[in-house]
Amino acid sequence: DLTDNQLVTLPLDGLAGLTHLKLQGNPALSEPFTKESFPKMRVLEVPYAYQCCAYGSCSSFFRVSSQWEAEDMSPEEEDPHKRTMELFPGHTDNHYDLDADDLQPDLEESKLHPTIQCTPSPGPFKPCDHLFESWIIRLAVWVIVLLSVLCNGLVILAVFASPSYLSPVKFLVGSIAGANMLTGISCSMLALVDALTYGHFARYGARWETGAGCRVTGFLSVFASQAAIFLLTLAAVQCSISASCVRGYGKSPSLGKVKAAACCCLLLSSVAAVLPLFSIGEYGASPLCLPYPIPEGKPSTLGFTVALVMTNMLCFLTITGTYIRLYCNLLKGEFSAVWDCAMVKHVAWLIFTNCLLYCPVAFLTFSSTLNLFLITPEVIKSVLLVVLPLPACLNPLLYLLFNPHFRDDFRLLRQKGQDKGSFPQSCGADDMEKSSYDSTQALVSFSDIDHMFETPDSLGVRPILDSYSFPSMALIPCQQ
């Protein structure tokens with residue numbers, strides 16, 4: 001009994017005749033064992049389930065038991081007929097006897113390789129061969145990684161590098177894209193671990209769970225998911241407040257205030273991601289490095305997950321109530337308060353997709369807490385690997401495919417690049433002109449813009465606006 005010690009290695013000299021061994025509670029002892037190390041072992045309790053992989057090929061092979069079970073009789077004293085029925089259960093229904101000489105080699109082989117009770121047993125969250133045990137999940141994770149990194153990179157480039165006016169909602173959409181890109185990066189780390197340990201994950205599973213790489217992956221995943229939800233909540237609240245302020249006071253909240261609120265959202269996300277590093281939750285409970293409940297998980301991990309899910313559900317309820325109120329005001333005919341229909345509609349699509357995809361995660365958390373439904377570990381693992389990061393690749397696709405701002409910003413970026421390549425000598429003047437245009441456009445209130453479009457063409461205002469090439473859809477009032 002070597003439970004709860006500080007063993008780093010286990011000397012094997014003189015332990016060949018050992019039959020029972022308890023090594024649980026030694027987190028630094030992660031070296032794998034082989035059958036040759038303990039030829040007479042019957043009951044083995046190790047710190048990590050990966051160390052039991054040498055005694056079976058799948059989790060169903062193991063008989064899960066954490067007790068010291070004493071055999072009443074040795075294999076030599078067992079009834080030969082009973083041993084025969086155990087070795088050949090399919091012959092119990094037959095009506096003929098087997099020759100004892102035919103059974104002798106099998107009896108000797110079973111004596112040489114007895115069944116070993118090894119705990120904890122491997123499973124979907126403690127795999128022996130592959131981190132992603134299904135090619136469908138493996139391909140889905142790689143697709144999510146590629147789409148989230150590339151598409152969110154395009155959204156960030158279009159939002160922050162375009163010379164067009166950066167509205168508060170547009171800034172928040174770009175910030176959400178940055179958080180979604182971090183989700184793709186954390187998924188890429190898991191995909192790389194799966195590729196590098198393909199076929200022999202048990203050799204590195206314990207070191208990966210307890211290493212710094214797993215903690216970094218978990219921190220990025222929690223920080224990115226929480227930042228995306230908090231920023232989406234801020235975007236919905238900003239749309240509603242902006243409509244109310246424009247209708248009542250003729251101006252909307254400034255970009256500086258929205259940036260300050262976004263920094264607060266990032267700060268809250270950092271606090272949520274740091275807590276598991278201080279034993280409030282756990283990143284190393286599984287090789288997925290997520291603080292979500294797994295079978296036979298710690299109570300602290302479950303409590304942290306419930307608090308996280310409750311916070312996210314409160315955010316989604318706030319988002320839903322805010323947007324219902326906004327749309328009710330729009331149905332009353334108050335369309336003049338909302339000048340950017342495309343971004344309001346895009347935030348609505350983000351709310352719908354993120355709420356819909358977060359429902360399975362919340363359902364798994366509450367069902368695990370209350371033991372309402374029997375959900376297999378394979379289903380839980382699939383949801384955490386595929387459904388949880390899925391908004392990170394769907395959010396940018398909604399912006400790239402359906403939002404007219406992306407086409408306008410991409411066109412302006414191409415024009416900017418062509419102008420720099422064709423007229424390098426006039427870059428300084430063009431930049432000064434664009435910067436002055438951006439600052440001038442940012443200072444124009446939405447009510448003034450409406451008056452400009454109502455001004456007769458004889459005053460010469462319309463040609464001036466056309467020469468500056470305002471983005472389409474940016475200044476079109478909402479229509480019912």
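Helix H10, which spans residues 377-387, tucks Ile380, Lys381, Val383, Leu384 and Leu385 away as buried residues (buried is under 20% relative accessible area, exposed over 50% and partly exposed in between, with a 1.4 Å probe and protein chains only). Helices here, H or I runs of at least four residues, and strands, E runs of at least two, come from DSSP and are numbered from the N terminus. The cover over those H10 residues includes helix H3 (135-160), helix H4 (168-196) and helix H9 (341-370), with contact taken as heavy atoms within 4.5 Å. All this comes from a predicted model, where local features need pLDDT of at least 70 and side-chain atom pairs count only at pLDDT 80 or more, while totals for chains, interfaces and linings use all residues. Residues are numbered from 1 along each chain as its sequence is written, and side-chain values use heavy atoms, with hydrogens and water left out.

Next come the holes inside the protein. On a 1 Å grid over the protein atoms alone, a cavity is a set of points where a 1.4 Å probe fits but cannot get out, and lining residues have an atom within 4 Å of a point. Points are joined across faces, edges and corners, and a volume is the space filled by probe spheres set on them. The count is 9 cavities of 30 Å³ or more, and the largest has a volume of about 350 Å³. Its lining runs to 31 residues, with Thr183, Ser225, Leu388, Pro389 and Pro391 nearest the centre. H10 turns up again here: H4, helix H6 (212-249), helix H8 (299-331), H9, H10 and helix H11 (391-402) each chip in at least two lining residues. H6 gives the largest share, 7 residues. By class, that lining has 21 nonpolar, 10 polar and no charged residues (Ala, Val, Leu, Ile, Met, Phe, Trp, Tyr, Cys and Pro count as nonpolar, Asp, Glu, Lys and Arg as charged, the others, Gly among them, as polar).

As for charged pairs, the whole structure holds 4 salt bridges, each a side-chain nitrogen of Lys or Arg within 4 Å of a carboxyl oxygen of Asp or Glu. One of them joins aspartate 194 and arginine 138 at 2.6 Å, N to O. That pair ties helix H4 (aspartate 194) to helix H3 (arginine 138), 56 residues apart. Aspartate 194 is buried at 2% relative accessibility, and arginine 138 is buried at 5%. Arginine 411 and aspartate 408 also pair up, their closest N and O atoms 3.8 Å apart.

Terms used: On a 1 Å grid over the protein atoms alone, a cavity is a set of points where a 1.4 Å probe fits but cannot get out, and a pocket is an open set with protein on both sides within 12 Å along at least five of seven lines; lining residues have an atom within 4 Å of a point.
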